[in-house]
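The questions below ask what stands behind some of the terms used for this predicted model.

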Amino acid sequence: MELEDIYRRDLNLFIALRVLVEEGSVSRAALRLNLSQSAMSRVLGRLRELLNDPLFTRNGQNLIATEKALLINEQIQFPLEAIRDLLTPTDFNPSKCTQRFVVATTDYAMQTILPFALPKIYEEAPNISLDFQPLQHDNIYHQLTAERADMAICRPVSEITPLRREVLGKVGVTCLLSKHHPLSDKPLNISDFLTLPHAMIAISDGVKSLIDESLKPHGSMNLIMRAYHLEAALAIVDRLPLVITVPADLAYLVSERHDLVIKPLPFEFIPFDYSLIWHSRCDTSPAQKWLRGILKKECGRLIEKRVMDLGLK
């Protein structure tokens, strides 16, 4: 096909195809492209006519891409990215940015990772606003698409394709005891771990499942409390011989402040990846790339430092 023939085609249709594949929904694609749902349906009709293929089949409220739609989407990825890079301004100045960013995050990340990144973020971009929202573990794709969150910080519990992902670092789990605990100056063995009263703090369902799986050969813990924040456990830590299981980074932060002693888990537990996740619509935005870069650098450096200091593998 000659260039003149291509010029007479509506190449915007290929952008619409890519958005439809990513969203898997006419209504969500319409929202991204600022179209009405009926207009988006007409665009889909034109695509089907142009490419001589149904492109999508319906499964409830979702669209399932055909093999041809997936093939074309793969073929147009690099040309579209090249055009987007060409048209995207590169002279981003964070000090002049006034953008609002929506970040979905866990209680763990909010208590441990983010406080170290925030000073650097606001040092470079004092006029931005950050809206931290609770992460919806089972609905992260919807949160980053229909609900328009810019990024998420978490350990994903399921497949996140086609979302983008970058690992920030390894996160482990450890125990805290009061300095007045009978075992404060002794090793914590597996028998103690299982029989003593136990509090689990800032541990998601997914991480709890990993802990339970690691404990299977030994038994189950005597869990008397599970909470998002440490304050609940601190209220009883000197009244009971309490063992507090927390993310290792949180233990690292609070142990000295609250006169607590850090004890390693008395069984094998493999640290897990904590990640930064975002939708492809945010890939080349200079402001989004800047914020992701700051989070990656600061959070990754913090996790790496704690991993080294706490002797995690």
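Q: What makes up each of the three domains of the chain?
A: The domain assignment gives domain 1 as 3-87, domain 2 as 99-165 + 280-310 and domain 3 as 173-263. The centres of domain 1 and domain 3, taken over C-alpha atoms, are 51 Å apart.

Q: Why are β4 and β6 called edge strands of their sheet?
A: The open sheet has five strands in the order β4-β3-β5-β12-β6, with mixed pairing. β4 (129-134) and β6 (164-171) each have a single partner strand, so one side of each lacks a neighbour in the sheet. From one strand to the next, the twist averages 25°.

Q: How do you know that β6 and β12 are paired?
A: Pairing requires at least two bridges between the strands. β6 and β12 run antiparallel and are joined by seven bridges, so they meet that requirement. Val-171 has Phe-272 in β12 as its bridge partner.

Q: What makes β8 and β10 a pair?
A: Three bridges join them, and they run parallel; with at least two needed, they count as paired. His-198 is bridged to Val-243 in β10. Helix α10 packs on this sheet, where it touches β7, β8, β9 and β10, and its direction makes about 160° with that of β9.

Q: Why are Gly-206 and Ile-211 of α10 called buried?
A: The term applies under 20% relative accessible area. The buried residues of α10 (205-215) are Gly-206, Val-207, Lys-208, Ile-211 and Leu-215, so each of these falls under that cut-off. Elements covering them include α9 (190-195) and β12 (272-278).

Note on methods: Residues numbered from 1 in each chain as written. Predicted model: local features only at pLDDT ≥ 70, side-chain atom pairs only at ≥ 80, totals over all residues. Heavy atoms only, no water. Domains from an automatic or database assignment. Buried < 20%, exposed > 50% of the residue type's maximum accessible area, 1.4 Å probe, protein only. Helix = DSSP H or I, 4+ residues; strand = E, 2+ residues; numbered from the N terminus. Contact = heavy atoms within 4.5 Å. Axes fitted to C-alpha atoms, helices over the stretch in contact; angles between N-to-C directions.
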